[in-house]
Amino acid sequence: MSLLCAHMECALHVLWGDVLEVPEVQENPVPDEVPEASEAPEAPDASETPRAPRRRGRTTLLIAAAAVLGVVAGTCTGFVVQANREPTALPPLSQPVVKQAEGEVEPLSAAQDRHVKVDGDLRKLLLKRPKGAREPKFAAGVDGWMDIAEYADLYEKPQNAFGNLATDEFRRAAVTDWLVGGTYSVEIVLTQFRQELGLTAADYTANEQGFAGDEDDTDSWEIPGTGDGWAYVHNRPDTKPGYLPLYSAEAMATRGDIAMTVWVYDTKPIPKKKIMDLAKRQMERL
């Protein structure tokens, strides 16, 4: 017992030591060109809608360490309890042995096999751009795809986000976005994970939902029929000097190895109906 507990104490020290000693990466962007003293920057147009703000960061490292900590502690406790118990005989088999059917089982058709759909062109599962909408000036991705570097660049700390996505077994991401009028914009991303080590798509969605729900002055609702889907409307706008206030709403849900995220931006408050309708229709396509 003393040896086991000593190993446990050592494991805990290594786990938390690694988490606490990870240095924070400082972002020091260096401008490519320095304008001459005679050049004055152009004043922003007050009627122009600013580009969507960067996403929030994540805490994958702390979550992973806490999960391993729970496994180590649970193993030690289980060993102690089991070691003090008397051995018991296994109960006899009470279920009849089911004979295997003769011949091979017919494979599922393409319509029945979900993996055929999600392993194909992921862009085909995205909502279609509505009539009258146009591609925004700052379109997301390239030809409807985003690689891990482009996806990480959406976050406030891209370097941290890149490492988190790699740990979460990021596979690929399909994206679509559109602009209606001059202020209302939509962006939808389907992020697919390999999930060889765990249900990382659901974990990713839960983590992002935690950040969305923590925003000040935010209303939230479950998305019916999705299992883990939630929609959020942020009533406090993002403000930037020289631009109109920017309101936002977002929705997240999971279907298998795909995490769906919907963002809506406008210069006026966004009603619940808009974000819920987009989220429901996108999940139906999955």
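## Exercises on strand S3, two loop residues and ring pairs

Glu 169 is found in the loop between helix H5 (158-167) and S2; helices (H or I, at least four residues) and strands (E, at least two) are DSSP runs numbered from the N terminus. The model is predicted: local features need pLDDT of at least 70, side-chain atom pairs count only at pLDDT 80 or more, and totals for chains, interfaces and linings use all residues. Residues are numbered from 1 along each chain as its sequence is written, and side-chain values use heavy atoms, with hydrogens and water left out.

**Exercise 1.** Determine the sign of phi and the burial of Glu 169, then treat Asp 143 likewise.

*Solution.* Step 1: most residues other than glycine have a negative phi. Step 2: Glu 169 has a positive phi of about 65°, and its relative accessible area of 10% makes it buried (buried is under 20%, exposed over 50%, partly exposed in between; 1.4 Å probe, protein chains only). Step 3: Asp 143, in the loop between helix H3 (114-118) and strand S1 (145-146), also has a positive phi, near 55°. Asp 143 counts as exposed, at 61% relative accessibility.

**Exercise 2.** Establish how strand S3 is enclosed and which strands it joins.

*Solution.* Step 1: in S3 (residues 184-193), 10 of the 10 residues are buried, so the strand is largely enclosed by the rest of the structure. Step 2: Tyr 184, Val 186, Ile 188, Leu 190 and Gln 192 point one way, while Ser 185, Glu 187, Val 189, Thr 191 and Phe 193 point the other way. Step 3: strands pair if DSSP finds at least two bridges between them. S2 (residues 170-180) runs antiparallel to S3, with 10 bridges; Trp 178 has Val 186 as its bridge partner. Step 4: S7 (residues 258-266) is also antiparallel to S3, with eight bridges, and Gln 192 is partnered by Ile 258. Step 5: S2 and S3 form a hairpin with three residues between them, and Gly 181 in the turn has a positive phi of about 70°.

**Exercise 3.** Describe the ring pair of Phe 193 and Tyr 204.

*Solution.* Step 1: the whole structure holds three aromatic pairs (ring centres of Phe, Tyr and Trp, its six-membered ring, within 6.5 Å; planes under 30 degrees apart are stacked, over 60 edge-to-face, the rest tilted). One of them joins Tyr 151 and Phe 170, tilted at 5.9 Å centre to centre and 50° between the planes. Step 2: Phe 193 and Tyr 204 form a tilted pair, at 5.3 Å and 45°. Step 3: Phe 193 lies in S3 and Tyr 204 in helix H6 (residues 200-213), so the pair ties together parts 11 residues apart in sequence.
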